[in-house]
Amino acid sequence: MAILRATQKLAKGLPTSEGSLGESDTALGDWYVNRLTVDRQPLLLLVSARSLLAILTPARDARHLPHRLAALVGARLKRLGVAESLIAAEQAAMEPVAVAKTADRSVVGIMVDYAKMIPDYLPVTGWDATTLPFVEAHLQENPCHAGGPDAGVIFPDQATPSLLSSRWHAA
């Protein structure tokens, strides 16, 4: 099971799950999502709670995001160069998807940082959905939690394959 943790702004349009939820059963953990607007175009920013890997996608049909989450994650992992067997294992563990409120303020803080960086990586005009993977590539190289000890610094492009490999090769 995967948990999609939506910000308050986005949660209103998603079918939230009842009751208390623990953590996702996946290697990358819960997925946080927020809606943002860049150049008057709405986007969804999704961030993995464990690896802090970002996914950007147009915000159309956000109501059906829980049904599309595994496909979005699979496509993003493929762009990152993750092995097909690890992608398949992660996607299989993502069913079903439950929707809940955000629970980790540090992940929300990373999302705020990413949202501030995104316009810097996009041309002022003339970008579209095909440009978003280039922005994701820039975001994945940014150190996260860099204000603490060196052992706590996370580089999403390095953490993601490591988490997937340790979880699904061990299983």
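In which sense do strand S1 and S5 pair, and over how many bridges? Strand S1 (residues 2–6) and S5 pair in the parallel sense over five bridges. The views below start from this pair. The model is predicted, with local features needing pLDDT of at least 70 and side-chain atom pairs counting only at pLDDT 80 or more, while totals for chains, interfaces and linings use all residues. Residues are numbered from 1 along each chain as its sequence is written, and side-chain values use heavy atoms, with hydrogens and water left out.

**View 1. Five strands form an open sheet.**
The strand order is S4-S3-S2-S1-S5, and the pairing is mixed. Strands are DSSP runs of E, at least two residues long, and helices are runs of H or I, at least four residues long; both are numbered from the N terminus. Two strands pair if DSSP finds at least two bridges between them. Strands of a sheet pair through backbone hydrogen bonds, either parallel or antiparallel. Strand S4 (54–58) and strand S5 (97–101) are the edge strands, as each pairs on one side only. From one strand to the next, the twist averages 30°. In the pairing of S1 with S5, Ala-2 stands opposite Val-97 in S5.

**View 2. Two hairpins link S2, S3 and S4.**
S2 and S3 pair in the antiparallel sense over eight bridges. Here Arg-35 stands opposite Leu-44 in S3. Two residues lie between S2 and S3 in their hairpin. In that turn, Asp-39 has a positive phi of about 50°. S3 and S4 also pair in the antiparallel sense, over five bridges. Leu-46 stands opposite Ile-55 in S4. The hairpin of S3 and S4 has five residues between the strands, and Leu-52 in the turn has a positive phi of about 65°.

**View 3. Leu-43 is a buried residue of strand S3.**
Its relative accessible area is 2%, so Leu-43 counts as buried. Buried means under 20% relative accessible area, exposed means over 50%, and partly exposed lies in between (1.4 Å probe, protein chains only). S3 is mostly covered, with six of its eight residues buried. Contact means heavy atoms within 4.5 Å. Leaving aside neighbours within four places in sequence, Leu-43 is in contact with residues including Leu-36, Thr-57, Trp-127 and Leu-132. Leu-43 and Arg-60 are 17 residues apart in sequence, and their C-alpha atoms are 8.0 Å apart in space.

**View 4. Thr-57 is found in edge strand S4.**
Thr-57 counts as buried because its relative accessibility is 7%. Not counting residues up to four places away in sequence, Thr-57 touches Leu-43, Leu-44, Leu-46, Arg-68, Leu-72 and Leu-132.

**View 5. Helix H2 lies across the five strands.**
H2 (residues 65–80) runs at about 125° to S4. Axes are lines fitted to C-alpha atoms, for helices over the stretch in contact, and angles run from 0 to 180 degrees between N-to-C directions. H2 has 16 residues and reaches 21 Å from its first C-alpha to its last, close to the 22 Å expected. The expected span is 1.5 Å times one less than the number of residues. Buried residues in H2 include Leu-65, Leu-69, Leu-72 and Leu-80. Gly-81 follows H2 and has a positive phi, near 90°.
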